[in-house]
Structure formats: structure tokens, C-alpha cells
Amino acid sequence: MTQNNLEQAITGAHQRLENLLQRASKPENHSSKQDYPVELLQEAIAEISISLEELHALTEELQEQNEELISTRELVEAERQRYQDLFNFAPDAYLVTNDTGIIQEANYAAAQLFNVRQSYLIGKPLAVFIYQPERQKFRQMVQRLQQQGQICGQELWMYHNDGNIDFPAEVTAAITEADSEGTNSLRWLLRDISDRYRTEQKIREQAALLDITADAIFVRDLHNQILFWNKGAENVYGWRAEEVLGKNAEQLLIRVTKETSPQLAAALKTVIEHGSWQGELCKVNKYDETIVIASRWTLMRDPAGIPKSILTVDTDITEKKQLETQLFRNQRLESLGTLASGIAHDLNNILTPMMTVAQLLPQKHLQIDENSQQMLKLLEINARRGSDLVQQILSFTRNCEGKRTIVPISQLIEDVEQIIKCTFPKCIDINTTIPTDLGVVLGDSTQLHQVLMNLALNARDAMPNGGRLHISASKLFLDENYTKKHIEAKVGRYIVITVTDTGVGISPAIIDKIFDPFFTTKEVGKGTGLGLSIVIGISNNHGGFVEVSSEIEVGSKFKVYLPSSEGSIAPVVHKTQLPVGQGELILVVDDEAAITQITKTTLEIHNYRVLTAQNGIESLALYTQHKDEIKLVLMDMMMPSMAGGTAIRTLQIINPQVQIIAMSGLASAEALAQAIGNGIHGFLTKPFTANELLNSVQQILIPSAEC
């Protein structure tokens, strides 16, 4: 019951008493004068009792309502205090402004955010704390707030301490209902997101780094679905991010075979158990090209430690593997070449006396019968054939060079074409494509002829049931980009000879071994395994290299790159009469007795005097005794006790003007350059003929005599 109700109840009771008194003052209302006071008193007492009871009830009700009101006021005050506490101690800045943006209330966090006192904020326009370029955005935000009633998650750049330092803030705002005066207020919640902004900026920078790197970086879940794909992955594999996201990585990038499936299963098991894996994988790109990848996998876990995805970093090492293959192949050739060189040295020492004896005997014994002459001729021919075989063995070791002349490649191809058309089966279609302005190379025509013949023979053997053999040539300039991928190539102009067949092809499993000496897939007795070794050896000796590509049941293609030459070499003039000496004394030094003996005999027959020594030490002793008479020294480069090079240097100390011809069964451009660099005047490659020996001696002694 309210206070008004209580007043109305008291007023009603007072009115009833007045009515009772008025009735008592009128005599007609009573039967006699004697009962008037008693009746009146009784009625008044009854009325008063009723009024008092009503008043008591009303008083109790009012008291209860007052107690409830006090309790309600306490609750309201507690609620107001809690609101004030929340307002003041909220972690985010909380502001109340009028509809023009003037700050009316501000909590402690707002003062901390702007680095000012709370009282300083009251009455200030909120706009003064907005970064100048952002104020137009703030005004638009206020308009939208008044239209829509609220805004959420907007970003604004604001100031600390009235303009000293700017920072990004997340803004949420709402408009309140109008008060009794019809005025709306705006409530603002501001949160400093500098840390989040820096984190996002760091993430953006890291994402930029991921896109800058040349490695392919992508993330896939445990079901192989691609979740992330960087720019490097686009460059390596050719797929854009929008083309691969959500796709199965294994189906997209790997050609699953019997060989790759166990490897992938083992890699997945390792990364799940140990958290990481790395190794090499053969993958495919968008264009279905096989590429070799160095892959690193890292297991990613969720906050609970449960595996959720795999981060993969792939590096394309296709070019590196190609270069390694070329390097390993060259190393194998060099190792085998070292072995072959030792054998060739001994063979040349054996063949030299045979060839010289076969030439000298008919000259020394003029009455020898015809049968003996034929036998000697046969001996010389077979010795030469053995010498040619040694040259073939040495040709792939880069330790043997022939006489270099200008070789027209077009003429070389025409000569080979004429031979193979006459000898190859008719079921093989042979044709050539030769430009008119192809040019020339500097080289040994016999060796280059052998290169083409070996390639043609291999092509013939690859087409037992017939096919097509095509030989072509072209000019090509190799730039630096090409040389980076081919360790044997140099920048410059080349002539490229291409031999293509439609034969059985070469298996990828053995294509890296085909240039190894003595490696062959032919049956026993049908191939020595030296053909392609000789091809690559001769090509390398001429400053070139060889490329091969092949596909099973489609055919093979060999490309021989030879440096183009624009120079010329004077033709070699062959003398028909063997030169003779004038009694000059010559010192012959060789550990092979047969060579020293036959060399001594050849020189003496042609009017030279000869001293012989079996090693370098003996040669020094003889030269010291006869240094005033000895006009020339023939020195073998490989001898026991003292090597030829050491003996030569010692002789040059004894006599700086000593004339020396070096002999070796391992003739090479490097050895020749070294010999000339040491002051040696000539070089004889074993096995040598009497003609080569006498011409070399004459070339040294005649200029010396003229001087």
C-alpha cells in the first residue's frame, strides 16, 4: 500500500466520525433523551474501532512496503556499484559520448589507452584522438552508427597522449535510447590491437617469404588434401594454388608405381612416428614431366598434440642430378682410362719394335725373298692394326690426339652415308639433312669418321627388323644458360651432328651406363662395348660432348656437339725418302731394351751414332761423359728409378741448351704442352715408325746445324 492509500483510509475514518456526531446532535434520531448519550457513545466507539483496525492494517502494509523499498534501493545501489566497477575496471576502453561525439563518460582503461587522466577526457571530442587521415572514416562511422544503431569490429588508427604515437584500434559502438530530454548517447568500446596487428604483419611477411623462396612449400592434411600452396610450388610444379587446393597431393604429383608406393608408405610412417622425414622422390609436374625432388616432411600438430597435417618443402634437383650423372660418368671414364692407359703404354712398347723391324729389314737385306717380304709386310700391317686398337682404347681417356686438320662436316657425313648405304641392310631407310653453309671443325678426320660410323652401327643393330636412320647437322650457339646445365659445354658456336633411329630404344635403367667402356647389351661376340666409349672420348678430345635421349620401342637420338672452327691448317707434306744424318751422336734412353735396340739400329743405318741408357740415372752419367759430343737426347717419359721428367730437368741444369725429344705411349695434348713447356723440342708417340723417328730427329738437328 502506498502513502496515498493510507491518507485516504485516515480521511475516510475521520469522515465517519463527523457523520456520527452530526447524527447525535439531532433529537429526532433518538427515542428519549436518556438513551441518547449511551447510544451515541456506543456507535462512536464502534466506528472508531473499525477505523483503528483499518488504520492498523494500513500501517502494517505500509511498513512492509517501506522495507521492500529499502531492500530494492540497496539492490539498485549494489547493481549500480557493480556497473561502475565494470565500467571503470573493464580491460577495454569504454566511452560514452553524445550524438556529436563529445565524451561524457570514460573508464580507467580509456585513460590508459590514450595515456591521459580520466578527468582529462570528459568534454573532449573523441575525434581529436583519431589519426588525421582516418577522421573522414570516423565521421562516416558515426553516420552509419546513427542509421544502423550499432557497428562491430571496425578498425581505426588512433593516438596515444593526444597525438604522440598512433596505434590501430578495434571499434565497437551502439546508440542508446533517447533520455527524457530526447537526446541519444553513443557508447564506444575501443581495443588496442597493436599486438595482433604486429602478429598479422609478421604472418604476412612470413607468407611473402614463403612466396619468394624458390622451394615448393605446401601443407596437406593426413588424407593428402592440399591446404596451402606457395608461389614456389607454382613454379616447380606448374599448378596454380586455386587449381590444387583441396586436391589429393599424391594423385596430383606422384606417379605411383610398384617402386614408389613402398617408399611413400615408409616416408609417411617415419614422419608420423618421428615427426620428420627427408629423401629424394621422383615426381611429375603439370606437364607430366618427371622431375627429381629433394623433399622434407614435418608433422604439424594441433594444440592438443594430435597430428593434423604435414608441411612439405620440395627442392627441384633435376638439373643437379643431371650434372651429377655427367660428373660420375666422367669419373668412371677417367678411372677406367687410367687402367687402359697403363695397358696401352705396355702395348705401345711392344708394338714399336715390331713396326720398326718390319720396316728396316727390307732396307737392310735387299736380297730378301718375296715370301719373307710378304711376311714382314703382314707383320707391319698387324702391328699397325694393334696400334690403331690401342688408339681406340685411349681415345675415351682424353689421353690421345691425332693430327688436327680442317674437317668439313658435310663431306664427312656424305662419306659415311655412302659407306652405310652400300653395307647396311636394305630394310633400313637411310637419309641425311645437311645445310649448305654448315661449316668446319678442327679435328682428326679419321677419329670423327669413326664417331659417326660407331653411332650408325649402333643404330643398325637397334633395328634388326628394319627402320629409319636419319643423320642431320646444324649450327648452334650455346649461351651461358645452357652451359650451366652441361658441365662440358662452353659458350660459343657449335656444329651439332644428330643420329636418329627408330629402333628398340634404351632402357632408363642402363642409359647412364652406355658410355662406360666394355658395357654392352649385345650378345657375346657381337660387341666389345667400346663403341660409345670411343664416341664420347673422341668428342671430348675435340672439345665437344654428347647427349642422348631414348624411349623404349620408339628409338634413340644421339647428338654430338663439336666446336665450330673458322681457321685453316696447312696440308701435311709427306716425304718419300727417309732422311739420313751426318754422324751426329744421339743418346737414346728407354727402359724397354727392345725399343732402345731397334731405335739404335734405325739411327745407325741412317748415318747416326748412338749411345743407349736403360734409365734416367744411367743417362745422366753418359751425358756427363759425352756432353760435348751428344747433339740430341731421345728420352722416354715413364721409367723406373728416375722418371723421364726428372732426368730431363737434370740434363737442362747440366746443359741449358740440351736438345731433347720426349717419347711416350701416352701421348696427349696435356703431355705435349707440358713437354714443350719444359724446353723439350719434340715429341714421339709410341708406337712410331722409322719414318716418324728419322723425320723428328732431322727437324731438330738441321735447324741446330744451320745456327
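**A sheet, the helix across it, and a helix pair**

Helix 10, residues 260-274, lies across strand 8, strand 9 and strand 10, the last of these being 307-316. Relative to strand 8, helix 10 runs at about 155 degrees. Before I go on, please keep in mind that this is a predicted model.

Now the sheet itself. Five strands make it up, and it is open, with the order 7-6-10-9-8. The pairing is antiparallel. Which strands stand at the edges? They are strand 7, at 226-229, and strand 8, at 276-284. Each has a single partner strand, so one side of each has no neighbour in the sheet. From one strand to the next, the twist averages 25 degrees.

Strand 8 is also under helix 10 in my list, so let me stay there: helix 10 lies across strand 8, and strand 8 pairs with strand 9, residues 290-301, in the antiparallel sense. How many bridges does that pairing run over? Nine. If you want a spot to look at on screen, take Leu281, which stands opposite Ile293 in strand 9.

Next, the helix pair. Helix 18 covers residues 616-626 and helix 19 covers residues 644-654. Their axes come within 10 Å and cross at roughly 15 degrees. Angles under 35 degrees count as roughly parallel, and therefore helix 18 is roughly parallel to helix 19. The crossing is right-handed.

As for who meets whom, helix 18 brings Gly616, Ser619, Leu620, Tyr623 and Thr624, and helix 19 brings Ala647, Thr650, Leu651 and Ile654. Sorted by character, the residues of this contact are five nonpolar, four polar and no charged.

Note on methods
Residues are numbered from 1 along each chain as its sequence is written. This is a predicted model: local features need pLDDT of at least 70, side-chain atom pairs count only at pLDDT 80 or more; totals for chains, interfaces and linings use all residues. Side-chain values use heavy atoms; hydrogens and water are left out. Two strands pair if DSSP finds at least two bridges between them. Helices (H or I, at least four residues) and strands (E, at least two) are DSSP runs, numbered from the N terminus. Axes are lines fitted to C-alpha atoms, for helices over the stretch in contact, and angles run from 0 to 180 degrees between N-to-C directions. Contact means heavy atoms within 4.5 Å. Angles under 35 degrees count as roughly parallel, over 145 as roughly antiparallel, 65 to 115 as roughly perpendicular and the rest as oblique. A crossing is left-handed if the near helix is turned anticlockwise from the far one by less than a right angle, and right-handed if clockwise. Ala, Val, Leu, Ile, Met, Phe, Trp, Tyr, Cys and Pro count as nonpolar, Asp, Glu, Lys and Arg as charged, and the others, Gly among them, as polar.
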